[in-house]
Every structure is written in structure tokens, then in C-alpha cells.
Number of protein chains: 2
Amino acid sequence: MENNQIIGQLIANWQKQNEQFQKTLDTISNEKLIEQIAPGRNSGLYLLGHIIALNDSIYPLLDLGDKRYPELEKTFIYTPDKLGQELFTPQALRKIWGESVINLTKSLMTIKPEEWLQKHTAVSEENFSKEPHRNKLNILITRMQHQAYHLGQLALLKENQ
Amino acid sequence: MENNQIIGQLIANWQKQNEQFQKTLDTISNEKLIEQIAPGRNSGLYLLGHIIALNDSIYPLLDLGDKRYPELEKTFIYTPDKLGQELFTPQALRKIWGESVINLTKSLMTIKPEEWLQKHTAVSEENFSKEPHRNKLNILITRMQHQAYHLGQLALLKENQ
């Protein structure tokens with residue numbers, strides 16, 4: 001029971017973080033979004049694509065099916081910031097972001113409490129028996145931190161108060 | 001048992017995040033640390049002080065005793081970036097950061113698994129009965145996300161690769 005509660009809390013925090021992300025995104029114009037967050041650093045558009053692509057990789061990792069947007073991976077994970085602006089408009093990425101969050105959260109909610117403590121798909125049975133923390137829950141926890149890390153950067157594109 | 005495991009995982013993630021924070025801090029020189037992370041934004045020094053002060057507020061919130069560095073609060077939580085550089089050198093804040101992480105983690109480890117699900121000190125019994133997620137664990141989860149948010153910003157002061 002308590003176990004359920006903690007997992008419920010983590011998912012609630014995931015949802016809250018996505019709301020905060022959406023709120024931040026809503027305050028940044030399309031013109032601002034394609035700017036670099038700091039001189040010589042990634043653009044907001046790249047960070048947005050990067051977060052969508054990373055979140056999308058959660059599906060196969062948690063055994064929830066295939067990636068929904070495999071075409072984003074090359075541009076926003078394996079290539080530094082350059083291709084993104086040629087291939088995706090801010091409008092298109094905002095739309096994908098909105099859909100992707102709703103669908104991923106729905107999928108996460110189908111995982112049963114006991115399944116969260118089972119191994120994720122990128123670790124072997126052998127290694128999992130030695131490192132039982134490499135479970136599905138760990139993916140959620142570390143991805144939330146990763147998203148918060150980039151959200152702090154994206155927020156730099158908000159207008160100075 | 002599983003409950004213990006999840007709490008153990010969260011604390012392990014907290015420790016890992018602190019290691020990452022330390023690593024980032026180690027790659028930023030004192031001269032760089034007093035610079036703004038982006039034009040018109042907070043300095044690295046301010047963010048470092050802000051994180052220490054916020055972490056320090058975890059002691060009373062989790063009923064672990066008084067704040068260890070109450071003098072940081074005014075400068076790094078209630079005042080925007082300006083006083084910090086007059087009052088604290090990068091060297092002094094780095095030293096406090098190092099100590100504060102070790103001591104806070106030690107304190108967190110004294111909390112028993114069942115205590116993590118009890119209310120934190122800033123919520124009333126009445127509100128807690130309606131909102132049982134406002135427990136000690138929630139403080140840890142949200143503070144980890146807050147720290148990751150600012151770590152992403154601090155990392156902008158690292159030399160461009």
C-alpha cells in the first residue's frame with residue numbers, strides 16, 4: 001500500500017513538472033524559442049526537441065511499446081544543435097510536445113506498482129540481479145531530473161521580469 | 001521492504017545528483033563562477049548560495065533540527081542577486097557547499113522508512129489528512145528537481161567544449 005503511495009507521488013510529481021514545463025513554454029514566443037539560451041549554447045527549440053526525444057525513449061525502456069517519434073532522435077539526441085531549425089518549426093514541436101506528454105503519462109499509468117520495481121529493458125537479468133536499483137522506477141526518477149535540468153535552461157528564454 | 005527499497009533509491013539518486021553538482025562546480029573557475037549564467041541572469045555564485053540555503057531549509061522541514069547556515073537565507077533566497085558577491089567569496093561558498101552536502105545526507109539517512117511518509121513540519125495535521133502526499137518524501141523529491149533545475153543553469157558556466 002505504501003509502495004503504491006510513493007509511486008503515485010512520483011507520477012504526480014512528473015505531471016506537475018510537465019505542467020511547469022508547459023507553462024514555461026507558453027511564455028516563450030516562437031521568435032524567442034529559436035534563440036540560444038546563452039551565447040554559444042543550445043537553442044530553446046533544440047532543448048524542446050531533446051526533451052521530447054528523450055521522453056519518447058521511455059516507451060521501449062519501460063516495455064510500453066515502440067517510440068512514437070523515432071524521427072526526432074537523430075536530430076535532437078545524436079546531432080548537436082543545427083539540423084533542428086531546418087527540419088522542425090517551433091509550432092510543429094510545440095504540438096508534438098503537447099501530444100507526447102499526454103500519451104506518455106497515460107502509458108506510465110498502466111504500469112502496476114510491483115512492475116515499477118522490475119528491471120527496465122536496457123539492463124540484463126544478470127546485471128539486474130547485482131544492481132536491483134536499475135528498475136523501471138529509476139528511469140522515471142532520473143528522467144524527471146534530466147527534464148528539470150533542461151527546464152532550468154529553457155526558462156532563461158522567458159522575458160526578464 | 002519494497003518501500004525501503006524505493007526510499008533507498010531516492011536517496012541514492014540524491015547522492016548521485018550531488019556528485020554531479022560537485023563535478024560541475026569543479027570545472028568552473030572562481031573567476032567564471034561570479035559571472036552571470038546568461039546576460040541579465042543570476043550569477044553562478046548566487047545559484048550556489050541559493051542551492052545551499054534551500055537545502056539548509058530541509059533540516060527544520062523534516063524535523064532534523066535547526067538550519068546550519070541561517071545567514072545565507074537572506075542573501076540567497078530573499079534578496080535577488082546582488083549582495084552575495086559582497087558577502088561571500090567563491091572559495092567560502094564552495095567550502096560551505098561541500099560540508100553542507102555531507103551533513104545533510106547524513107541527517108537524511110537517520111529518517112526511518114515509515115517516517116518518510118509522515119507529514120513535514122510546514123503542513124498542519126488537518127491539511128495533511130486531506131493531502132497525504134505532503135509528506136517528508138515529497139520534500140526530497142521536489143528539492144531534487146529544484147536542484148537539477150539550477151544545476152542545468154550552473155552548467156552553462158562550464159567552458160564550451
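A salt bridge here is a side-chain nitrogen of Lys or Arg within 4 Å of a carboxyl oxygen of Asp or Glu. With that in hand, let us look at where chain B meets chain A in this predicted model: the count of salt bridges between chain B and chain A is zero. Polar contacts are another matter, as 14 residue pairs, both partners at pLDDT 80 or more, make them across the interface of chain B and chain A.

Which helices of chain B each supply at least two residues of the side that touches chain A? They are H1 (2–26) and H9. H9(B) gives the largest share of that side, 11 residues. Sorted by character, the residues with which chain B touches chain A comprise 16 nonpolar, 15 polar and four charged ones.

Now for the extent of the interface. Its size is often given as the accessible area lost when the parts come together. Between chain B and chain A, about 3000 Å² is buried, and carbon and sulfur atoms account for 53% of this. On the side of chain B, the residues that lose the most area to chain A are B:Ile6, B:Arg41 and B:Tyr149, together 21% of what that side buries. Counted by contact, 35 residues from chain B and 35 residues from chain A take part.

It is worth returning to H9 of chain B, which runs over residues 136–154. From first C-alpha to last, this helix of 19 residues reaches 27 Å, close to the 27 Å expected at 1.5 Å a residue. How enclosed is H9(B) by the rest of the structure? Largely so, because 17 of its 19 residues are buried.

Conventions
Residues numbered from 1 in each chain as written. Chains lettered and ligands numbered in written order. Predicted model: local features only at pLDDT ≥ 70, side-chain atom pairs only at ≥ 80, totals over all residues. Heavy atoms only, no water. Helix = DSSP H or I, 4+ residues; strand = E, 2+ residues; numbered from the N terminus. Expected span 1.5 Å × (residues − 1). Buried < 20%, exposed > 50% of the residue type's maximum accessible area, 1.4 Å probe, protein only. Contact = heavy atoms within 4.5 Å. Buried area = accessible area lost by both parts, 1.4 Å probe. Polar contact = N/O pair within 3.5 Å; in protein donor to acceptor, adjacent residues only side chain to side chain. Nonpolar A, V, L, I, M, F, W, Y, C, P; charged D, E, K, R; others polar.
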